[in-house]
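Biologist: I have a structure open and I'd like to learn how to read it. Can we go through it feature by feature?

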Amino acid sequence: NLIMGSTQTIGVLVPNLANPFFSMFIKGIQQTAQLRHFIPIIFDANQNQKLQTMYLEELIKRAANGLIIASATLNANDIDRILTRNGIPYLLFDQNDAQVGDRVWVDDYKGGQMAANYLLSQGHRRIALLAGEEITHNMQQRISGFRAGMAKYRATLPDDMVVQTPMTKLGGYQATAALLAKKPSAVFCINDETAIGLYRGVQERGLSIPNDLSIMGYDDIDLANFVTPKLTSIHQPAFEMGQVATELLIERLNNPRLAHQDKQLPLELIIRDSVKLIQ
Ligand code: RIB
């Protein structure tokens, strides 16, 4: 490697660097990489296929030693075509469905259940779901778990209580009218970014969270603690997942014959102030 001397590199591809979930994941990668004398090269490609392929090919040209990929649109076949051909070890994360190779993961089904249990324990029954435009495998799990959690209370999530929007603050904001039209007492947002966008939409209409509408997020990004009211969420250990992903990839580089490793990290319900108890 011309630029870095003998330093080894790890290529990292995520959907969106502007989302703190992925920034924390990358910070975890950086920390471990630094300790182990690796340099990460980081890209986001917002699910743009062409851009992703271009970045992968550039990483290969630059002789990346291994890759960490969190992308729903690069499927296992593409990856095998591009990477296996070049013999580069990789680890798939988060939105990738493929259960191949080393894995770092959280139980999204359980995360969905935890969110439903909490909202229902607070008396909510008419709940809307704010989902992404594309329901990736991990989102599917999250939503199925949520439905299962509701079913335990003999409640349901009818399809007409689901609104889909881009998984950004703007996406959440733009979904406000559609969500309010459904007259829910609570909204479960598929991630905190959309929840925070929805906050603005709701508050601009003069409504109060949680008195007029309860909102629950998922991820527990740092902002969750700094919005008013503080956002109740499901904590994903994004930083630790970055650290573990990097550990596993480096172990794989050092020992290609090692049996595949599977590391599951815990999710946690973080109760703050955005869900009202309905008597
Ligand atoms: O906010 C980003 C979301 O998309 C997270 O919930 C993460 O799991 C990802 O797939």
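Biologist: Which residues of α9 are buried?

Modeller: Keep in mind that this is a predicted model. To call a residue buried, you count neighbours: 20 or more other C-beta atoms within 10 Å of its own. In α9 the buried residues are Ala 238, Met 241, Gly 242, Gln 243, Val 244, Ala 245, Thr 246, Leu 248, Leu 249 and Ile 250.

Biologist: And what end-to-end span should the 17 residues of helix α9 have?

Modeller: You work with 1.5 Å a residue, times one less than the number of residues. Helix α9 (residues 238-254) should therefore span 24 Å, and its end C-alpha atoms are indeed 24 Å apart.

Biologist: How far apart are the end C-alpha atoms of helix α8?

Modeller: They are 18 Å apart, which agrees with the 18 Å expected for the 13 residues of α8 (residues 192-204). After α8 comes Gly 206, with a positive phi near 75°.

Biologist: What do the buried residues of α8 pack against?

Modeller: Start with who they are: Asp 192, Glu 193, Thr 194, Ala 195, Ile 196, Gly 197, Leu 198, Tyr 199 and Val 202. Their packing partners are the helices α6 (169-174) and α7 (176-180), plus the strands β6 (127-131), β8 (186-189), β9 (214-216) and β10 (233-235).

Biologist: Let's turn to a strand. How many residues of β1 are buried?

Modeller: Six of the seven in β1 (residues 8-14), so the rest of the structure largely encloses this strand. As for its pairing, β1 runs parallel to strand β2 (residues 38-44), with seven bridges between them. If you want a spot to click on, Val 12 sits opposite Ile 42 in β2.

Biologist: How is the chain divided into domains?

Modeller: There's domain 1 (8-106 + 237-267) and domain 2 (108-235). Their centres, taken over C-alpha atoms, are 28 Å apart. Domain 1 puts 10 residues into the contact and domain 2 puts in 16. On the domain 1 side, six of the touching residues are nonpolar, two are polar and two are charged.

Biologist: Last one: which residues are around the ligand?

Modeller: Look for Asn 19, Phe 21, Asp 94, Gln 95, Asn 138, Met 167, Asn 191, Glu 193, Tyr 218 and Asp 219. By class, that shell has three nonpolar, four polar and three charged residues. Each of domain 1 and domain 2 supplies at least three residues to the shell. You've already met Glu 193, which is among the buried residues of α8.

How values were computed:
Residues numbered from 1 in each chain as written. Predicted model: local features only at pLDDT ≥ 70, side-chain atom pairs only at ≥ 80, totals over all residues. Near = placed C-beta within 6 Å. Nonpolar A, V, L, I, M, F, W, Y, C, P; charged D, E, K, R; others polar. Domains from an automatic or database assignment. Contact = placed C-beta atoms within 7 Å. Helix = DSSP H or I, 4+ residues; strand = E, 2+ residues; numbered from the N terminus. Buried ≥ 20, exposed ≤ 12 C-beta atoms within 10 Å, placed from the backbone. Pairing = 2+ DSSP bridges.
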